[in-house]
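The exercises below ask you to read a protein model step by step, and each task is followed by a worked solution. Keep the sequence and the structure in view as you go.

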Amino acid sequence: MLILRCPAQLQLLEETLRKSLPTTLPVTATPRIPLSPLPCPAGDNDLIVQVLGTVMTVARGNPASHEVLVDSWPHFSIVLTRLRPEDHRDPRDYYSNQLSVFYRDKGALQALLEGTEAVTQERAFQILGMQDGLDEAVQEVASARGLKVEMIRYRALMSPEPPQPRRQMPPGLRLAPVSPSHVPLLNATWAQGGNARSRAFLLGLVRTLPSACLLGPRGRPVSWSLLDGQGCLRHGYTVPTWRGRGLSGLPLALLGRELHARGFPIYCSVLPQNTASLHALQAVGFVPQPGTFYMILGTPK
Ligand SMILES: CC(C)(COP(=O)(O)OP(=O)(O)OC[C@H]1O[C@@H](n2cnc3c(N)ncnc32)[C@H](O)[C@@H]1OP(=O)(O)O)[C@@H](O)C(=O)NCCC(=O)NCCS
């Protein structure tokens with residue numbers, strides 16, 4: 001695999017990937033999405049959003065220390081993005097070792113997985129992607145290499161325009177970036193967090209990437225949203241006593257405007273059974289995408 005370091009290469013890759021983005025998302029009155037079963041297969045256009053988000057982040061100062069690899073250049077069959085190996089300090093940390101992959105044929109994925117660029121026995125990882133076959137292929141290789149594998153299936157949602165909050169800013173609240181001092185609260189309330197590795201990961205996001213929160217009357221965050229190194233909106237949360245007032249749309253709208261202004265896709269992933277989040281997102285303009293957004297976690301046993 002070749003690492004793309006040159007700005008011109010990254011720009012060309014970005015343009016190529018961008019051409020595959022959906023250009024005609026339905027923007028009007030989307031019916032609320034069914035909660036089950038899982039959606040139909042994704043179309044070709046829906047699959048590249050994590051890779052595009054990472055390539056764009058790498059090309060704009062690379063705050064998350066990722067790198068972009070292709071099997072050949074300029075004609076590639078597969079793109080892999082991953083944390084730079086020199087920044088992977090803890091072999092059991094799958095939070096920060098975030099990979100994304102886009103392939104044009106399954107042979108290219110198989111060839112990638114036979115090597116050690118994506119999955120090695122010694123290193124925890126999380127791979128994100130939406131292509132059919134990714135889940136089985138990664139699971140098979142990771143299990144064969146002795147890793148414990150967990151698969152989480154999400155729905156992907158995209159907002160074709162900056163999200164429009166469904167309510168105005170209530171008196172006494174104000175928008176601000178998330179501060180490192182808020183990280184213990186974010187970590188304690190994150191369903192997949194609550195440990196030292198997740199805290200370090202969140203701190204890294206808050207320090208290096210855009211984030212937004214609503215501060216309550218006593219200066220404590222009541223609702224927030226972060227961005228990760230793949231340009232994905234993550235960690236949306238409203239503290240229970242403030243839920244159901246349309247507040248989650250306010251930090252989302254702020255981040256969405258920033259993403260839109262910089263040409264980034266506006267997207268996120270949600271568990272299919274998380275009705276509150278699916279309703280909140282659709283109410284501010286997100287559109288559910290077909291297909292499954294896979295998160296495959298591997299950890300050394
Ligand atoms: C998802 C979440 C961020 C929504 O935040 P919010 O500020 O309550 O958002 P909204 O006020 O726009 O409400 C969204 C939906 O929550 C549900 N809801 C309404 N009142 C609620 C309450 N008091 N408590 C819980 N959920 C409520 C409703 O389904 C509502 O949608 P509807 O008004 O269209 O019926 C919040 O519920 C939360 O923090 N959940 C736990 C963490 C989580 O799931 N995060 C998202 C990860 S993808």
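**Exercise 1.** In which loop does Ser65 lie?

*Solution.* We begin by recalling that this is a predicted model. Following the chain, we find Ser65 in the loop between H2 and E2. We then turn to its backbone, where phi of Ser65 is near 55°, a positive value in a residue other than glycine. To judge that value, it helps to know that most residues other than glycine have a negative phi, and that most peptide bonds are trans.

**Exercise 2.** Determine where Pro74 lies, and describe the peptide bond that leads from Trp73 to Pro74.

*Solution.* The first step is to locate the residue: Pro74 belongs to the loop between strand E2, which covers 66–70, and strand E3, which covers 78–83. The second step is to read the omega angle, which is near 5° for the bond from Trp73 to Pro74, and this peptide bond is cis.

**Exercise 3.** Work out how the axes of helix H1 and helix H2 are arranged, and which residues bring the two helices into contact.

*Solution.* Start with the axes: those of H1 (residues 7–18) and H2 (residues 49–59) come within 10 Å and cross at roughly 155°. Since angles over 145 degrees count as roughly antiparallel, H1 and H2 are therefore roughly antiparallel to each other. The crossing in which H1 passes H2 is left-handed. Next, list the partners: Leu10, Leu13, Glu14, Leu17 and Arg18 on the H1 side meet Val51, Leu52, Val55, Met56, Val58 and Ala59 on the H2 side. Sorting the residues of this contact by character gives 9 nonpolar, no polar and 2 charged.

**Exercise 4.** Compare the domain assignment of the chain with the features that UniProt lists, and describe how the assigned domains are placed.

*Solution.* In the domain assignment, domain 1 consists of 2–155 + 292–300, while domain 2 consists of 174–288. The C-alpha centres of domain 1 and domain 2 are 22 Å apart, and 37 residues of domain 1 are in contact with 30 residues of domain 2. Turning to the record, an unreviewed UniProt entry places "domain: Glycine N-acyltransferase N-terminal" at residues 50–210, and over these residues the chain is 31% helix and 23% strand, with end C-alpha atoms 17 Å apart. UniProt also lists, again in an unreviewed entry, "domain: Glycine N-acyltransferase C-terminal" for residues 212–292; this span is 27% helix and 28% strand, and its end C-alpha atoms lie 27 Å apart.

Definitions and conventions: Residues numbered from 1 in each chain as written. Predicted model: local features only at pLDDT ≥ 70, side-chain atom pairs only at ≥ 80, totals over all residues. Heavy atoms only, no water. UniProt positions renumbered as here; feature names shortened; annotations may be inferred. Helix = DSSP H or I, 4+ residues; strand = E, 2+ residues; numbered from the N terminus. Axes fitted to C-alpha atoms, helices over the stretch in contact; angles between N-to-C directions. Parallel < 35°, antiparallel > 145°, perpendicular 65-115°, else oblique. Left-handed = near helix turned anticlockwise from the far one by under 90°. Contact = heavy atoms within 4.5 Å. Nonpolar A, V, L, I, M, F, W, Y, C, P; charged D, E, K, R; others polar. Domains from an automatic or database assignment.
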